[in-house]
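I sat down with this one to see what ties the chain together. My notes go in the order in which I looked things up.

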Amino acid sequence: MKKKVRTIILALMSVFLLPSVGSAEDNDASEFLIFGMPLSQQVEKMSAPEFRRYQTALAKFQHVDSCVADTEGEPRYGSSLMRWNHLNTLEKVNVCVFLLAAELNNPEQMANWFNLNGFKATLIENKSSSMRFYNRDGDGVLVSAGAPISGPIRVGFLDRLLAHSVSVGVTFSSDGEPLNVNTTITRK
């Protein structure tokens, strides 16, 4: 019973307290998704602290412009640099990378962006059987990017001592819609 009450409360909080992703002039911005579903539908699958960290990240980073440094004279986001020093949790990294992926709307451009930001990125085709996990028909693409911990993402002091590398995976549907971002830190 307690779990049901907690789930209902978290679901209501997500509906009423989570800001929409995008800016006032960008009303058709993509909604932040985890495994192809809105955060509000993932409440039962994550811990309360993790859910709160996502709420905090979405409140702070409502649009990709709050995640990337200004790139005057450059293409809008394709060569932008992430403000990694503002992203001190994996949830914040996931939100900002998702927002950028939604702006780029193209796995190849996302891979190029990762490469420009100090990662080594590859494209991996996701067959339709694995895309069912994201509640999508058809094929998809995973952009897998890795960097040494001394690379672009800065983590806490303890992580710098124990960590070896960081990996970010962005799953796209066949039409370029980002469905999920997953960031992990590999320990030594």
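These entries cover the disulfide, the salt bridges, the nonpolar core, the aromatic pairs and one serine.

**Entry 1: what I am looking at**

I am working from a predicted model. I keep that in mind for every distance and angle below.

**Entry 2: disulfide**

I started with the cysteines. How many disulfides does a search of the whole structure find? It turns up 1 disulfide. The partners are Cys67 and Cys96, with their sulfur atoms 2.1 Å apart. I checked the hand of the link next: the angle about the S-S bond is -70°, and the link of Cys67 and Cys96 is left-handed. Cys67 sits in the loop between α2 and α3, while Cys96 belongs to helix α3 itself, so the bond ties together parts that are 29 residues apart in sequence. I also looked up the burial of the two partners, and both Cys67 and Cys96 are buried.

**Entry 3: salt bridges**

I then went through the charged side chains and got a count of 3 salt bridges.

I took Glu91 and Arg53 to begin with; their side chains meet at 3.0 Å, N to O. Glu91 is in helix α3 (residues 90–104) and Arg53 in helix α2 (residues 48–60), so this salt bridge ties together parts that are 38 residues apart in sequence. Is Glu91 buried or exposed? Glu91 has 8% relative accessibility and counts as buried, because the cut-off for buried is under 20%. Arg53, on the other hand, comes out at 35% and is partly exposed.

Next I looked at Arg136 and Glu177, whose closest N and O atoms are 3.3 Å apart in a salt bridge. Here I found a loop-to-loop link: Arg136 is in the loop between α5 (128–131) and β4 (140–148), and Glu177 is in the loop between β5 (163–173) and β6 (178–187), so the pair ties together parts that are 41 residues apart in sequence. Arg136 has 21% relative accessibility and counts as partly exposed. Glu177 is partly exposed too, with 25%.

The remaining entry on my list was Glu125 with Lys127, a salt bridge with the closest N and O atoms 3.2 Å apart. I read 49% relative accessibility for Glu125, which counts as partly exposed. For Lys127 the value is also 49%, again partly exposed.

**Entry 4: nonpolar core**

I moved inside. The largest nonpolar core holds 46 residues, and Met82, Val97, Met110, Phe114 and Val170 have the most contacts inside it. Which elements give two or more residues to this core? I noted β1 (33–34), α2, α3, α4 (107–116), β4, β5 and β6. The largest share comes from α3, with 9 residues.

I picked Met110 for a contact list. Leaving aside residues up to four places away in sequence, Met110 touches Val97, Leu100, Ala101, Leu104, Val143 and Phe172. Val97 is thus a neighbour of Met110, and both are on the list of residues with the most contacts inside the core.

**Entry 5: aromatic pairs**

Ring pairs were next, and the count is 6 aromatic pairs. I wrote up two of them.

Phe32 and Phe98 form an edge-to-face pair, 5.1 Å centre to centre with 75° between the planes. Phe32 is in the loop between α1 (2–17) and β1, and Phe98 is in helix α3, so the pair ties together parts that are 66 residues apart in sequence. Both Phe32 and Phe98 are buried.

Trp84 and Trp113 make a tilted pair: 6.3 Å centre to centre, 50° between the planes. Trp84 is in the loop between α2 and α3 and Trp113 in helix α4, and the pair links parts of the chain 29 residues apart. Trp84 and Trp113 are both buried. I followed the ring pairs outward and got a cluster of Trp84, Trp113, Phe114 and Phe119.

**Entry 6: Ser165**

Last, I looked up Ser165, which lies in strand β5. Its relative accessibility is 15%, and Ser165 counts as buried. What does Ser165 touch, not counting residues up to four places away in sequence? I listed Ala147, Pro148, Ile149, Thr184, Ile185 and Thr186.

How values were computed. Residues are numbered from 1 along each chain as its sequence is written. This is a predicted model: local features need pLDDT of at least 70, side-chain atom pairs count only at pLDDT 80 or more; totals for chains, interfaces and linings use all residues. Side-chain values use heavy atoms; hydrogens and water are left out. A salt bridge is a side-chain nitrogen of Lys or Arg within 4 Å of a carboxyl oxygen of Asp or Glu. Helices (H or I, at least four residues) and strands (E, at least two) are DSSP runs, numbered from the N terminus. Buried means under 20% relative accessible area, exposed over 50%, partly exposed in between (1.4 Å probe, protein chains only). A disulfide is a pair of cysteine sulfur atoms within 2.5 Å. Contact means heavy atoms within 4.5 Å. A nonpolar core is a set of buried Ala, Val, Leu, Ile, Met, Phe, Trp, Tyr and Cys residues joined through side-chain atoms within 4.5 Å. Rings of Phe, Tyr and Trp (its six-membered ring) pair if their centres lie within 6.5 Å; planes under 30 degrees apart count as stacked, over 60 as edge-to-face and the rest as tilted.
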